[in-house]
Amino acid sequence: MALPNKPKGELKAVKNPEVEEREVDILIVGGGMAACGAAFEVKKWAPADAKILLCDKAALERSGAVAQGLSAINTYVGKENTPDDYVKMVRNDLMGIVREDLIFDLGCHVDDSVHLFEEWGLPIWKKSADNKNLDGKKGQSVGTLKSGAKPVRTGKWQIMINGESYKRIVAEAAKLALGEANILERCFIVELLNDANDPKRIAGAVGFSVRENKVYIIKCKTAMVACGGAVNIYQPRSVGEGKGRAWYPVWNAGSTYTMALRAGAELSMMENRFTPARFKDGYGPVGAWFLLFKAKTLNGLGENFAASDAAKKELQRYAPYGTAAITPTCLRNHLMLFEMKEGRGPIIMDTVSALAELGKTMDKKELKHLESEAWEDFLDMTCGQANLWCAQNCEPEKKNSEVMPTEPYLLGSHSGCCGIWTSGPDYDWVPDSYKIKVNGKVYNRMTTVVGLFTSGDGVGCSGHKFSSGSHAEGRMVAKSMVQFLKDNAGFSPKLKQSKDELVNLVYKPVRTYLEHAPYTTADDINPNYIKPNGMMYRMMKATHEYGAGTATYYMTSSKNLEVVIELLEIMREDCEKMAAGDLHELMRAWEIYHRLYTVEAHLRHIQFRKETRYPGFYYQADHPGQDDKNWFCFTNSSYDRATNKWTLKKVDYHKIIPD
């Protein structure tokens, strides 16, 4: 007896969806920490009659990189540090080339967001009078950071939290401030729209509901795009049943970069990528193990390779960064890869020795609590790693775990700095080349498209914002957008495209599917279209093999870059034949479309920069090492939709904060 087909549970797409048109003053695209920061702040400064709308592809409570929770806030300046220190840390970690104006500006404001998080109910660990760690309610009992309580630091910048509900707390504050009527969830914005009378100006956006057959056409006077970075542009190390297992959120599809690029914005430093070292297969974070538990990594021979003479000699090749007090993230990866290529792998996190050493100064109750924190570090934000430990009979106090660099990700708020070129703040000490002006006025974090702003992962050249910095930057952008709105009160956006043209743009994959699906009985096999799943595998295979993926130890070359860029160009052409039978596939189709533009920008930037600026993240075989004489600069790119032409250029770097 044949079993009935299992229902997919996805709503079938229709040829002619419902259309809802809106006109607002301020549009916020995204739902992560940056968008929540903007939502929380914007109404304080906007005119009382201003219309504001936030569109989130997901649901605000569990959207963005903090969706699953976090065990630490990675950027808190506090009383121990200064904004100058913050700039120096970021500059060193990103191999010298950063926008110091943006970083300093953020360093002056980030703590205020952290204080708000605590005010809203986020438990932050504190130090007791006798220097013991107090978490949860105990931590709250000794006062707030704002009142002078001392946080538990796991490093110079990180503070520990009980953060499984971190995003829910921040989202609730955003919803209360903005008003739920002004928030449109499950709405995937796929294209930013320029003004019909001024093509260099933002005028709106178009997207669709991922829960019902509906297209949204939105006009706006100013907008912020902040929908995260990009994941699944390279083949993950976990395939088959684990193909969805990645470090960065799988729903981050490079939409921020692609939509801004296609609207005419300049991207910057897109060659930069992040390939974090994480617990193998589960992608669990290693930061707390290094910083809180003081664990060390060993090679397969049991040697502390990072402290060896060979490692020190290798790091000297990348002075002054490799010889700095804190080794940059990419160079720490480089040392791991060096060991593995020499046959001294795998790389092991020595959890056993770390916990045993800490246990020497603790009683049984304290030690048991410490061991529970080892698990909670994952349960707060990477449940899959805790599951994997269980499956492997791994107790961290008895058995060590393997560490492995992941596949590459693109982002601008973690230990990466790719993104969009934006204006810095309007201070005398900020170089004019860092300022973007409209009618003589400077608007902080505005892109080269008039009226279009970004924050969080969207802002290029200024990494190490993490969750707190992204939220603070969103708040800063909210003020800038309101100022822009007031200064341009007479502007009335006008769209070049008709309603029918925009609906056809968004629902083209659906219409392609409905027209050709009857031709074959197999839904995924049809000579007239390709499904998003097939396009995903094509893209990942190309980047994995030719674009410095894990297949080649992150190595590429000029010829390989030529090959992969040509393949990506063909794939973008083939996207004209992409098909979607339900709303989930339509979402996947647009995500692949965004990923293709984003990863092509990434690889074109690597091709343009004739050096290996970030060893450990990627290598150019024919341009090894750093060439500060010719390439100590920013690289910016732009794209012309009408001609399908890319333009790349160098932009001067200015050192603002002395060493």
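Reader: Which residue in strand 3 does isoleucine 28 stand opposite?

Author: That's leucine 54. Bear in mind that the model is predicted. Strand 2, residues 26-29, and strand 3, residues 52-56, pair in the parallel sense.

Reader: What makes strand 2 and strand 3 a pair?

Author: The number of bridges. A pair needs at least two bridges, and strands 2 and 3 have four, so they pass.

Reader: And what does strand 2 do with strand 12?

Author: Strand 12, residues 222-225, runs parallel to strand 2, and four bridges join them. In that pairing isoleucine 26 stands opposite threonine 222.

Reader: How do you know that both faces of strand 2 are covered?

Author: Look at the side chains on each side. Ile26 and Ile28 sit on one face, Leu27 and Val29 on the other, and all of them are buried. Buried here means under 20% relative accessible area.

Reader: Which elements make a β-α-β unit, and what is its hand?

Author: Strand 2, helix 1 (residues 33-45) and strand 3 make one, and it's right-handed. The term fits because, with the strands pointing away from you, a right-handed path over the helix runs clockwise.

Reader: Why is cysteine 55 not counted in a disulfide with cysteine 187?

Author: Because the two sulfurs are 4.2 Å apart, and a disulfide needs them within 2.5 Å. Cysteine 187 has the closest cysteine sulfur to cysteine 55, and it's too far for a bond. By that rule the model has zero disulfides. Cysteine 330 isn't in one either: its nearest cysteine sulfur, in cysteine 417, is 10 Å away.

Reader: Why is cysteine 55 called buried?

Author: Its relative accessibility is 2%, and the cut-off is under 20%, so buried it is. Cysteine 330, at 1%, counts as buried too.

Reader: Why are helix 16 and helix 17 called roughly antiparallel?

Author: Helix 16 (residues 532-546) and helix 17 (residues 558-574) pack at about 170°, with axes 9 Å apart. Angles over 145 degrees count as roughly antiparallel, so the label applies. Among the residues that meet there are Met535 and Tyr546 in helix 16, and Leu567 and Met571 in helix 17.

Reader: What makes strand 1 and strand 9 edge strands?

Author: Each pairs on one side only. They belong to an open sheet of four strands, in the order 1-11-10-9 and with mixed pairing. The twist averages 20° from one strand to the next. Strand 9 runs antiparallel to strand 10 (residues 202-209), joined by seven bridges, with leucine 192 opposite alanine 205.

Note on methods
Residues are numbered from 1 along each chain as its sequence is written. This is a predicted model: local features need pLDDT of at least 70, side-chain atom pairs count only at pLDDT 80 or more; totals for chains, interfaces and linings use all residues. Side-chain values use heavy atoms; hydrogens and water are left out. Buried means under 20% relative accessible area, exposed over 50%, partly exposed in between (1.4 Å probe, protein chains only). Helices (H or I, at least four residues) and strands (E, at least two) are DSSP runs, numbered from the N terminus. Axes are lines fitted to C-alpha atoms, for helices over the stretch in contact, and angles run from 0 to 180 degrees between N-to-C directions. Angles under 35 degrees count as roughly parallel, over 145 as roughly antiparallel, 65 to 115 as roughly perpendicular and the rest as oblique. Contact means heavy atoms within 4.5 Å.
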